[in-house]
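Please open the structure in a viewer and keep the sequence panel at hand. The tour below proceeds by selection, with a description at each stop.

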Amino acid sequence: ENCHFFVHAAQAEQAGFRPCLRCRPELAPAAQAWSLQDTSASLTRQAMRLLDDPEAWPLDTPGVGALAQRLGVSDRHLRRLFEQHLGVTPLQYLQTRRLLTAKQLLADTSLPVTRIAQLSGFASQRRFNAAFLAHYGLNPTGLRRAGAAGPADGPGIQLRLAWRPPYDAAALLGFLRTRQLQGVEQVGTEAGQPFYARTLRIASGPDTHQGWLVCRFDEARCQVLLRMSDSLGEVLPAVMRRVRAALDLDADPQAIQAVLGDMPEPAASQAGLRVPGCLDGFELAVRAVLGQQITVAAARTLAQRLVEQFGTAIQTPLPGLDRLFPDAATLAAADGEALGRLGIVRQRQAAISALARAVAEGRLSL
């Protein structure tokens with residue numbers, strides 16, 4: 001009788017609770033997104049996913065009307081859905097997402113409070129401090145003193161991301177290892193921990209940020225230790241979200257195993273399988289074009305040649321990581337003859353060129 005259960009943190013806040021400073025609820029995987037119920041629940045989950053995206057966190061709080069318009073419903077109907085399924089408004093949900101992100105950055109990094117407020121989508125530190133005090137009962141600097149975040153283990157920014165066990169890291173990393181591109185990606189083991197490292201480019205408005213990241217799998221704690229270059233600090237929440245998607249950290253293993261368990265071996269006993277995602281949609285699309293109707297090894301060879309010919313050099317502290325995958329503008333400007341010399345047939349040349357132009361011109365968002 002002393003326990004109360006909530007589907008989402010925003011509901012707990014609405015009931016007067018605040019996040020535990022010890023068990024770190026902001027590290028938990030995001031809400032499950034299975035579409036097994038009625039359309040109103042599916043619509044609410046889609047709205048939640050859009051609000052979870054850091055790209056939806058402008059400095060000024062977005063109007064519910066813009067979100068509703070994107071989903072094809074009225075803002076009144078969207079508010080009614082949130083009240084029905086979560087008991088909070090869309091803006092209350094967004095506020096919780098921002099505050100939990102800020103809480104994690106305060107606890108795991110040494111970034112200035114002003115910078116954390118901006119990264120978390122607050123227009124000013126004054127608003128950030130007021131929201132933090134109203135929801136959590138203490139100011140941001142007080143939480144940082146309580147958490148006593150130490151320095152990152154090595155260069156860059158370091159923080160943690162959690163998953164729901166079981167999680168078959170070996171299977172996921174094995175998939176990535178057979179497809180890794182030299183200079184861009186690395187899969188290996190260091191100090192007994194498996195890791196995945198790579199270079200990355202992220203566009204944010206008119207600016208482009210590039211750098212590197214390393215994901216180490218702490219299987220005992222069910223966490224990924226994410227370390228990234230300081231150059232990606234301006235888009236830190238977006239990097240966190242992309243890593244969660246690429247490593248499928250938000251998956252519900254019980255729902256997966258309920259299906260695999262009814263299948264013949266070896267599927268029935270392979271608990272913890274995940275679906276590998278990507279950190280860059282354009283890169284994945286190009287590699288999908290290259291991989292049509294050929295083997296994984298042949299596709300990797302073509303992609304490697306593309307990286308060596310058109311990729312951008314980058315300096316990192318990680319030996320062997322020194323190239324960025326070609327961006328859309330570069331491949332849009334590449335002629336068919338240059339692509340043909342890499343062994344790419346004409347149909348794929350045309351597909352890559354059309355794809356790159358559409359992305360570079362902003363007609364296609366991946």
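A residue is called buried here when its relative accessible area is under 20%. The model on display is a predicted one, and the term will recur at several stops.

**The whole chain**

Begin with the complete protein chain, shown as a cartoon. Its secondary structure amounts to 16 helices and seven strands. The radius of gyration is 22 Å, close to the 21 Å given by the globule rule for 366 residues, so the chain is as compact as a globular protein of that length. Along the principal axes, the C-alpha trace extends over about 65 × 45 × 45 Å.

Now switch to a surface view. The accessible surface of the protein chain is about 18,400 Å², and carbon and sulfur atoms account for 52% of that area. Of the 366 residues, 47% count as buried. When contacts between residues at least 6 apart in sequence are considered, 65% of them join residues at least 24 apart.

**The five-stranded sheet**

Return to the cartoon and select strands E1 to E5. In what order do the five strands lie in the open sheet? The order is E1-E5-E4-E3-E2, with antiparallel pairing. Strand E1 (157–162) and strand E2 (185–190) stand at the edges with a single partner strand each, so one side of each has no neighbour in the sheet. From one strand to the next, the twist averages 25 degrees.

Select E1 together with strand E5 (residues 223–228). These two strands run antiparallel and are joined by six bridges. Within this pairing, Leu 159 has Leu 226 of E5 as its bridge partner.

Move to the other edge and select E2 with strand E3 (residues 193–204). Six bridges pair these strands in the antiparallel sense. Glu 185 has Arg 198 of E3 as its bridge partner. The hairpin of E2 and E3 has two residues between the strands, and Ala 191 in this hairpin takes a positive phi near 55 degrees.

**Helix H12, a covered helix**

Select helix H12 (residues 281–290). How many of its 10 residues are buried? Eight of the 10 are buried, and the helix is mostly covered. The buried residues are Gly 281, Phe 282, Glu 283, Ala 285, Val 286, Arg 287, Val 289 and Leu 290. To see what they pack against, add E2, E3, helix H13 (296–310), helix H14 (328–333) and helix H16 (346–360) to the selection.

**Leu 236 and its contacts**

Next, select Leu 236, which is found in helix H10 (residues 236–246). Its relative accessible area is 0%, so Leu 236 is buried. Which residues does Leu 236 contact, leaving aside its neighbours within four places in sequence? They are Leu 105, Leu 111, Leu 119, Ile 157, Leu 159 and Met 228. Leu 159 was met earlier as the bridge partner of Leu 226. For a sense of distance, select Ser 42 as well: Leu 236 and Ser 42 are 194 residues apart in sequence and 28 Å apart in space, C-alpha to C-alpha.

**Arg 115**

Select Arg 115 in helix H6 (residues 113–119). Is this residue buried or exposed? Arg 115 has a relative accessible area of 17%, so it is buried. Apart from neighbours within four places in sequence, Arg 115 is in contact with Gly 233 and Glu 234.

**Aromatic pairs**

Show the aromatic side chains; the structure holds eight aromatic pairs. In one of them, the rings of Phe 82 and Tyr 93 have centres 6.0 Å apart and planes at 75 degrees, so this pair is edge-to-face. Phe 82 lies in helix H4 (residues 75–85) and Tyr 93 in helix H5 (residues 90–108), so the pair ties together parts 11 residues apart in sequence. Phe 82 and Tyr 93 are both buried.

Then select Phe 122, Phe 128, Phe 132 and Tyr 136, which ring pairs link into a cluster.

**Last stop: Ala 338**

Finish at Ala 338, placed in helix H15 (residues 336–340). With a relative accessible area of 11%, Ala 338 is buried. Add Leu 133 to the selection and draw a line between the two C-alpha atoms: Ala 338 and Leu 133 are 58 Å apart in space and 205 residues apart in sequence.

Definitions and conventions
Residues numbered from 1 in each chain as written. Predicted model: local features only at pLDDT ≥ 70, side-chain atom pairs only at ≥ 80, totals over all residues. Heavy atoms only, no water. Pairing = 2+ DSSP bridges. Helix = DSSP H or I, 4+ residues; strand = E, 2+ residues; numbered from the N terminus. Axes fitted to C-alpha atoms, helices over the stretch in contact; angles between N-to-C directions. Rg over C-alpha atoms; globule rule 2.2 N^0.38 Å. Buried < 20%, exposed > 50% of the residue type's maximum accessible area, 1.4 Å probe, protein only. Contact = heavy atoms within 4.5 Å. Areas by Shrake-Rupley, 256 points an atom, 1.4 Å probe, with all protein chains shown as cover. Phe/Tyr/Trp six-rings, centres within 6.5 Å; stacked < 30°, edge-to-face > 60°.
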